[in-house]
Amino acid sequence: MSSGDAEQDGSPQQPMFGFPAPVAQWDDLLRGVHNAAALRIVGHPEGWATPVLCVTGPAKCGLSFLAEAWANRFGGVSLTAAELAKAGRRGLDALAGRHVAVDDADIAAGKHDEALLSLINLVAGGGGRLLLTAHRPASQWRTGSADLKSRLNALPVGEIGQPDDAVVRARLEIAAARHFLRLGPETLNYLVPRLELAYDAVENFMDRLSEAVSDNDRAPSLPLARRVLEQMGEAADEDEAEG
């Protein structure tokens with residue numbers, strides 16, 4: 001590795017403190033082939049076939065960020081399943097006619113079906129829009145409400161796909177910044193063709209690399225990245241052998 005790449009790889013340690021996560025903004029969404037079709041639909045709620053839309057995607061693909069960014073773009077509200085459950089009747093009534101996003105909506109359907117059904121009726125009845133995000137299509141969600149199940153089965157679904165090489169590279173840089181690290185070009189060029197094309201693989205690698213940086217008190221250089229990747233491969237081989 002060149003000395004220039006070592007310098008670009010950044011400081012050897014993470015700070016021992018963090019900062020509040022930035023507010024999710026629509027313009028900050030990472031765009032690519034993996035999500036182009038979904039974003040075209042999500043970004044124009046006035047053109048939805050129904051007041052409610054479901055968007056699905058693999059683990060760690062950014063559904064939570066998408067839900068918040070969409071709600072912020074349209075002056076709406078983004079809720080988790082737990083927040084929906086705590087809203088109460090008065091809180092739900094206040095959402096009537098607004099643009100509302102519910103993240104992990106499959107959990108809401110399973111545990112808080114009455115609240116989710118009420119929200120669907122209130123938003124739709126008031127002319128608002130409801131974005132539901134989950135890792136599975138709405139037709140596969142479990143719920144004890146036959147009425148809600150019927151609604152979910154009829155929902156249109158947008159899908160975020162797995163990343164390509166360009167998205168993996170961009171996600172590596174984003175994840176590194178979240179850990180207060182910087183990966184140099186040579187390190188990125190090494191990692192991209194070797195990492196699995198999956199969002200959770202990128203996040204798992206960066207978590208492990210961040211730990212290695214702290215444990216070894218050194219910058220995230222190419223040799224260190226190679227070692228972490230090799231250790232991940234060895235661990236996967238052991239798990240496969242045991243299975």
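**Notes on two pockets and one aspartate**

1. Let's start with the second largest pocket: sorted by class, its lining has six nonpolar, two polar and four charged residues. Keep in mind as you look around that this is a predicted model.

2. How much space lies in the second largest pocket? About 210 Å³. Of the 12 residues lining this pocket, the closest to its centre are Leu195, Glu196, Ala201, Leu229 and Met232, so try picking those out on screen.

3. Which elements give two or more residues to that lining? They are α11 and α12 (222-242). The largest share comes from α12, with five residues.

4. Now on to the largest pocket, which has a volume of about 990 Å³. It is lined by 34 residues, and the closest to its centre are Gly62, Phe65, Arg171, Ile174 and Arg178. Four elements are worth tracing here, since each gives two or more residues to the lining: α3 (63-73), β4 (129-134), α9 (165-178) and α11 (199-216).

5. What kinds of residues line the largest pocket? They divide into 19 nonpolar, seven polar and eight charged.

6. Last, have a look at Asp106, which you'll find in helix α6 (residues 105-111). Is Asp106 buried or exposed? Its relative accessibility is 16%, and buried means under 20%, so Asp106 counts as buried.

7. And what is Asp106 in contact with, once you leave aside its neighbours within four places in sequence? The answer is Ala134, Arg136 and Trp141.

Notes: Residues are numbered from 1 along each chain as its sequence is written. This is a predicted model: local features need pLDDT of at least 70, side-chain atom pairs count only at pLDDT 80 or more; totals for chains, interfaces and linings use all residues. Side-chain values use heavy atoms; hydrogens and water are left out. On a 1 Å grid over the protein atoms alone, a cavity is a set of points where a 1.4 Å probe fits but cannot get out, and a pocket is an open set with protein on both sides within 12 Å along at least five of seven lines; lining residues have an atom within 4 Å of a point. Grid points are joined across faces, edges and corners, and a volume is the space filled by probe spheres set on the points. Ala, Val, Leu, Ile, Met, Phe, Trp, Tyr, Cys and Pro count as nonpolar, Asp, Glu, Lys and Arg as charged, and the others, Gly among them, as polar. Buried means under 20% relative accessible area, exposed over 50%, partly exposed in between (1.4 Å probe, protein chains only). Contact means heavy atoms within 4.5 Å.
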